[in-house]
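User: Please take one part of this model and go through it closely, with each term explained as it comes up. I would like to see how that part is joined to its surroundings and which way its side chains face.

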Amino acid sequence: MKKHVLLVAFSLLAGITMAQQKPAAKDQSAVDDSLLNSLGGNTKAEPVIATFKSTRLINTETTETNKKNTLNFIVTHRFGDIGGAEGGSKTLWGFDNSSDIYIGFEYGLTDNLDIDFGRSKFEQLLELGFKYNFLHQTSDNSMPVAMTVIGKVGLKPYSVTTNVFDDYTNRLNYFTQLIIARKFSSRFSFEIAPSFLRTNLPFPFLPGNEKNIFSLSAAGRLKVTKHMGIVLDYAHPFSNFRNNSTSPKFYAPSGIGIEIETGGHVFTLNFSNNQAISPINYLSDTESKWTKGQYRLGFTISRVFDLNSKHKGTYK
Amino acid sequence: MKYIALILLVWFSNNQTSQDIYVCKNAKINLFSSAPLEDIDATSNGGTSVFNASTGDLAFSVPIRSFQFQKSLMQEHFNENYMESDKFPNASFKGKVQEKIDVQKDGSFPVNVTGVFEVHGVKQNRTIKGTINISKGAVSLSSAFTVACKDHQIEIPKLVFQKIAETIQVKVAANYTAYKK
């Protein structure tokens, strides 16, 4: 009898403990949450996207590359000096002149590797290069920055009456840059970019000018709305010749502007003191100064075309 | 002996619930909208879902980043400008199937699921129609419904409003397997 009572008591106890576990187990949302989480996929670290909206800010390129089989067509324009001797009402504050015009094509060979071609009015420079985004920032900060490397060759094809281009290699210039960028928040991205420029014929062609210039660029973007942001861009060439030269005087190329994205287009409207658009030109030859009115309005139109044949429609 | 049987009965009756839980790790979710200039079409195979057949509780979650678009730029803008997937990484639904479903019975059952639908950090109480299919113990679910961008504070800027429809058609398909602890 005693044994029986014990067994009944035990079975009741088992029932009670089960009953106690039951409501906890049946707290369905908690179960679902832990189950959903354990099924995974929701907390994975992702590469950070859209550090910048475009492959270029004002002067400096960004870490962004074009995705595979997409073509980015770029038109950049720099008007004449707004003030100073060249500006004012007689040139409609620079609108009559164009310091530089750049037409460029960037094509994504892979999602991270671009081949780029462009032509500048300034020095008639033709340039061909590659751009490779080899490191992506991750959402969990295990990789805090994105890194992209650029390498390009510039050719000055124009005819001259002097003998400076007798050796054809004197027409060639080389530019390489490492861009290190971080998207600090969805609004603010910043990058620094050390670079090296080699001009086989020093440009401008003046006695004492150097063939090699190291420089450091810094640029950033602060979004005001989801589609519009303020961009700042600054480059500093480390050049004794440029620091010491009094005629002409050289200045650091810099710019400020706004960036507007409308789907497949990115427009940049900016003011800059540098006349040239290509780094091969603006790092070696920026002789205009903000405080003398030697700054200009400029714009960039960037338009991405998806060349994947099976992708129908356009994204304007 | 009788008592051992009783104990076992109590044990089994209480353990039964865990066998009514079904999970899906690769639910397919498709977004489609037709706009004057361009259709938007994206698919994710990364949805996860839990269905408790005994209580009718149903939960869904999908990472926004798992949606694949044909056009990479559109995918970037979807994440960056519209869904803000860095702030709101998942869309989810937690609700209850209003009809009682017997998983032992084969067939196709139309259901109404009432619960909270969360997209872009904005929660909406919704009743979503769907169909639960049961075939030899295999449970699957499908549903099609629409989501209005403005219900979830997804802003469409005036500059691009022609390209983006204000309502998105969502299709969901999930094949469940019984969950084993």
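Analyst: Two strands count as paired if DSSP finds at least two bridges between them, and a strand is itself a DSSP run (E, at least two residues), numbered from the N terminus. Residues are numbered from 1 along each chain as its sequence is written, with chains lettered from A and ligands numbered from 1 in the order in which they are written. This is a predicted model, in which local features need pLDDT of at least 70 and side-chain atom pairs count only at pLDDT 80 or more, while totals for chains, interfaces and linings use all residues.

The part chosen here is strand 3 of chain A, residues 113–120. For chain A the mean pLDDT (the predictor's confidence in each residue, from 0 to 100) is 88, with 84% of the residues at 70 or more. Residues 18–26 of chain A, however, have pLDDT below 50, and beyond near neighbours in sequence this stretch makes seven contacts in the model, a contact being two residues whose C-beta atoms, placed from the backbone, lie within 7 Å. Where pLDDT is low, the predicted coordinates should not be read in detail.

The setting is a closed barrel of twelve strands in chain A, ordered 1-2-3-4-5-6-7-8-9-10-11-12 with antiparallel pairing. Neighbouring strands of this sheet are turned against each other by 20 degrees on average, direction ignored, the axes being lines fitted to C-alpha atoms, with angles from 0 to 180 degrees between N-to-C directions.

On one side, strand 3 runs antiparallel to strand 2 (residues 98–108) of chain A and is joined to it by seven bridges; one pair of bridge partners is G108(A) and D114(A). These two strands form a hairpin with four residues between them. On the other side, seven bridges join strand 3 to strand 4 (residues 126–135) of chain A, again antiparallel, and here D116(A) has G129(A) as its bridge partner. This second hairpin has five residues between the strands, and E123(A) takes a positive phi near 60 degrees in it.

In a regular strand the side chains alternate between the two faces of the sheet. Strand 3 shows such an alternation: D114(A), D116(A), G118(A) and S120(A) point to one face and are buried, whereas L113(A), I115(A), F117(A) and R119(A) point to the other and are not. Buried means that 20 or more other C-beta atoms, placed from the backbone, lie within 10 Å of the residue's own; 12 or fewer makes a residue exposed, and anything in between partly exposed. D114(A) and D116(A), bridge partners of G108(A) and G129(A), thus both belong to the buried face.
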